[in-house]
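Colleague: Before I set up any calculations on this protein, could you take me carefully through a single part of the model, the pocket, and then place that part in its surroundings?

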Amino acid sequence: MPRSETRPRRRAATRPSRLVVEVVPFRGIPARGLGAWLSRSAPRTAAGDVCVALVSDARIRALNRQYRDADKSTDVLSFPSGAGGDPSLGDIVIATGVARRQAAAARHALSTELKVLALHGLLH
């Protein structure tokens, strides 16, 4: 009798089968639904946990200076997980001021720009 008929196969303890997104909001920025949207829109290969933090332009400038040696604000930074086998994919940091200006320049809603930047950060 084949093994599959005698007992169920155990699933390997690997990465989760879907993307789980936590969003850390910033000062009333409308981020409602961002995590759910990113989970639905991400490529199927994106499985694990990711944190999206909305921050000030000053904070992202400090992070950009510290990690990329660039003393300027940017729209989005991605920080991959450092541990092998860790279900965390890492962190995505979005500058809310930059996002607001880019949304105005593109003539779309801030919520749309946050989606664009979150997906951009995930794909890095």
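**The largest pocket and its surroundings**

Modeller: The largest pocket has a volume of about 160 Å³, and I should say at once that the model in which it was found is a predicted one. Its lining is made up of V50, S78, F79, P80, L89, G90, D91, I92, G121, L122 and H124. Two or more residues of this lining come from each of the elements β3 (76-80), β4 (88-95) and α5, and of these β4 gives the most, with four residues. In chemical terms the lining divides into six nonpolar residues, four polar ones and one charged one.

One of the lining residues, V50, is a useful point from which to move outward. V50 belongs to strand β2 and has V21 standing opposite; the two strands concerned, β1 (residues 19-24) and β2 (residues 48-55), run parallel and are joined by six bridges. Together with helix α2 (residues 34-41), β1 and β2 form a β-α-β unit, and that unit is left-handed. If you go on to consider side chains along these strands, it may help to keep in mind that in a regular strand the side chains alternate between the two faces of the sheet.

V50 also leads to S81, since the C-alpha atoms of these two residues are separated by 9.1 Å although they lie 31 residues apart along the chain. S81 sits in the loop between β3 and β4, the two strands that, with α5, each supply two or more residues to the pocket lining. A polar atom of the S81 side chain lies 3.3 Å from the backbone oxygen of S88. With a relative accessible area of 25%, S81 counts as partly exposed, because this value falls between the 20% under which a residue is buried and the 50% over which it is exposed.

Helix α5 (residues 110-123) provides a link to a second space, for it also gives the most to the lining of the largest cavity, with three residues. About 40 Å³ of space lies in that cavity, and the structure holds one cavity of 30 Å³ or more. The residues that line the largest cavity are P30, A31, R32, L34, S111, L114 and K115, and they divide into four nonpolar, one polar and two charged.

Two loop residues deserve a separate check of their backbone angles. R27, in the loop between β1 and α2, has a phi near 40°, a positive value in a residue other than glycine, and R27 is exposed, with a relative accessible area of 73%. D69, in the loop between α3 (57-68) and β3, likewise is not a glycine and has a positive phi, of about 55°; D69 too is exposed, with a relative accessible area of 71%.

As for the whole in which these parts sit, the protein has five helices and four strands, which follow one another along the sequence in the pattern α-β-α-β-α-β-β-α-α. Of its 124 residues, 35% count as buried.

Key: Residues numbered from 1 in each chain as written. Predicted model: local features only at pLDDT ≥ 70, side-chain atom pairs only at ≥ 80, totals over all residues. Heavy atoms only, no water. Pairing = 2+ DSSP bridges. Right-handed = clockwise from strand over helix to strand, strands pointing away. 1 Å grid on protein atoms, 1.4 Å probe; cavity = no way out; pocket = protein on both sides within 12 Å on 5 of 7 lines; lining within 4 Å. Points joined across faces, edges and corners; volume = space filled by probe spheres on them. Nonpolar A, V, L, I, M, F, W, Y, C, P; charged D, E, K, R; others polar. Buried < 20%, exposed > 50% of the residue type's maximum accessible area, 1.4 Å probe, protein only. Polar contact = N/O pair within 3.5 Å; in protein donor to acceptor, adjacent residues only side chain to side chain.
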